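User: Could you walk me through the reasoning behind some structural labels? I would like to see each value set against its definition.

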Amino acid sequence: MSVVLTRSDAEDFLIKEAGLLDAWKLEEWAALFTDDGEYLIPATDDPEGKPGTSLFLIYDDRHRLEERAKRLLKKNAHAEVPRSQTRHMTTNVVVGEGKDGVVPVSCNFVVFRSRMEVTNIYPGHAEYLLVNNGVGLRIRSKKAVLDVDALRPQGKISIIL
Amino acid sequence: MREQTSSPQELAGLIIDDRRGARFKVNRQVFVDDEILALERKRVFSKCWLYLGHVSEVPAAGSFVSRRVGGRPLLFTRDRDGQLNALYNTCAHRGALVCRERAGNKRAFTCGYHAWTFDERGRFIGMPGREALPPDATDDCKLDLVHVERMEEFRGFVFVCFDRNAVPLVDYLAGAGDYLGYVADQGSDGMEIVTGSQDYCVAANWKLLQENSVDGYHGVPTHATYFDYLRSRDKATFTGVNMNSKGWVKNLGNGHAVSESIGLLPWGRPYARWAPGWGEEAKAEVEEIQRGIMERLGPERGNVVANGDRNLIIFPNLVVNDVMATTVRTFYPVRPDYMEVNAWCIAPKGESTTSRDRRLRNFVEFLGPAGFASPDDVEMLELCQRGYANAESAPYNDISRGMLSNAPTKTDELQMRTFWRRWRQLVSGDSSVELTGP
């Protein structure tokens, strides 16, 4: 089955996702994923690494990414109390060739994170596998690859990129 | 920087070790003072054995890793004869780094500045315009890269020491060697560092991470959301409150300590304690792995290796936490209020792809800068550091838990006092400081 996804449709979807994250609507963000969805961030010194072979920073299956969202909303998720202000910038959206109902989409991102008078920047690119489940687009896989070779000065990733 | 250099008495006085009154206090100046950091560089990091890397990171002739250890840029190489080398990564000519890559395989390192070239043993190979120097300029290794004063291996873990007169590594490790042995024994064919390192930073004093890494008392208040995750995934009903109040802690000598329990904690261990959230299909393999350990090591040691959860601190800045996965973590202070952290996953060589996958998933459910727990640890250390701006008026940390106990548990603080007593001895230069005690 060939799938046609225009760049502007893909871009609208990614902008919607970014808006949910910046509004801290994290459970709504998790709901964008398919039942077998995954969310990945490779190590900063092994950006080409494969999950299951290389130690990733984030290796979330569907259950864990939803739990990540729920956790970050809790009052005792200390790293995000008080919550960060974030701003996700999404650009350079490219739609690849779909196959078997799955369309690869890539984009560049920059996320600004401010908290307790400190601002950090997370630059990178993201690789998505999107599917249309009949109701709308859903994320089968999101891999955010950072353009930094160490988390310095960012220190941690307690927001969703 | 304070105006005057502190006396040994003043430095020793930064810690109150009142054994009769069961009070142990650490003056918060030790977390903020530039003079203290300068003394630590001289008396701790330049004198103690520091973790360099694992033999598996340099598997073949020509393999190299470049990394900072104790603030110094080093090259860790395996040479053409199979020998390990620890070299200062600094050109014999003007001192530039001769290697800018993190890892790889090569037989020659050429400085980018004037193209002086050295082999993987550090030996000078060549330079443009050699004739402008006298014929004997390169005799007696005079233009070689400098070897780190000492380098020794213990069961695959390689350490360096910048003090030529240091005691042998095995003596330095004292009782901690047994605990590195439990990790080394996990793999029937040895252990390896998994690719993908966690390189991050914490805006806090380095000593706070050593304390935190072996602190069972903070587990429930700081990490409640992690335990929520486990309950949700494993459909389990364990209560968090008692989890860490058992187990035991030990002084392993020379400032090293361990916090340990066997078969008590609720998370799964890829090696080898099955968790319901891994699914029934994983159970058979995990049980098979465990049977293999028991056969290889015998039931007693096998149980310790397979079911034991251990947080090991090796003075001054190495942590080996063998918990829901096994991490090797080291850190170094750039400033009193800022450290760089490097952490790795160590795993049995040759484990199945399914077991390795479970291990890597399990590692980051808790550990690392994007795990469900480490970011909250970092937050707590940074909040402590912010609080130490009040050190002059609110001067002391309290580390007295369990001083009255004959059998301190994981929620007590003997393991931290063990670290601090060694720190006090080295930083003050007062060799009469007692390293043992409650």
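Analyst: Happy to; the questions below take the labels one at a time. This is a predicted model, in which local features need pLDDT of at least 70, side-chain atom pairs count only at pLDDT 80 or more, and totals for chains, interfaces and linings use all residues. Residues are numbered from 1 along each chain as its sequence is written, and chains are lettered from A and ligands numbered from 1 in the order in which they are written.

User: Why is D100(A) called exposed?

Analyst: A residue is exposed if 12 or fewer other C-beta atoms lie within 10 Å of its own, buried if 20 or more do, and partly exposed in between, with C-beta atoms placed from the backbone. D100(A) has 9 such atoms within 10 Å, so it is exposed. D100(A) sits in the loop between β3 (85-95) and β4 (102-115) of chain A (strands are DSSP runs of E, at least two residues; helices are runs of H or I, at least four; both are numbered from the N terminus). Its phi is near 50 degrees, a positive value in a residue other than glycine.

User: And what makes A115(B) partly exposed?

Analyst: A115(B) has 13 C-beta neighbours inside 10 Å, so it counts as partly exposed. Its place is the loop between β8 (108-110) and β9 (117-119) of chain B, and its phi, near 70 degrees, is also positive.

User: How do you know that the largest nonpolar core lies between the two domains of chain B?

Analyst: A nonpolar core is a set of buried Ala, Val, Leu, Ile, Met, Phe, Trp, Tyr and Cys residues joined through C-beta atoms within 7 Å. The largest one has 157 residues, and I41(A), F56(A), L50(B) and L74(B) have the most contacts inside it. Domain 1 (54-161) and domain 2 (190-428) of chain B both give residues to this core, so it lies between them; the domain bounds come from an automatic or database assignment.

User: What makes F56(A) a neighbour of chain B residues as well?

Analyst: Contact requires C-beta atoms, placed from the backbone, within 7 Å. Leaving out residues up to four places away in sequence, F56(A) touches G196(B), L360(B) and V364(B), among others. Between the chains, 30 residues of chain A are in contact with 36 residues of chain B.

User: Which peptide bonds are called cis, and what are their omega values?

Analyst: One joins R152(A) and P153(A), with omega about 15 degrees; another joins F315(B) and P316(B), with omega about 0 degrees.

Technical notes:
Two residues are in contact if their C-beta atoms, placed from the backbone, lie within 7 Å.
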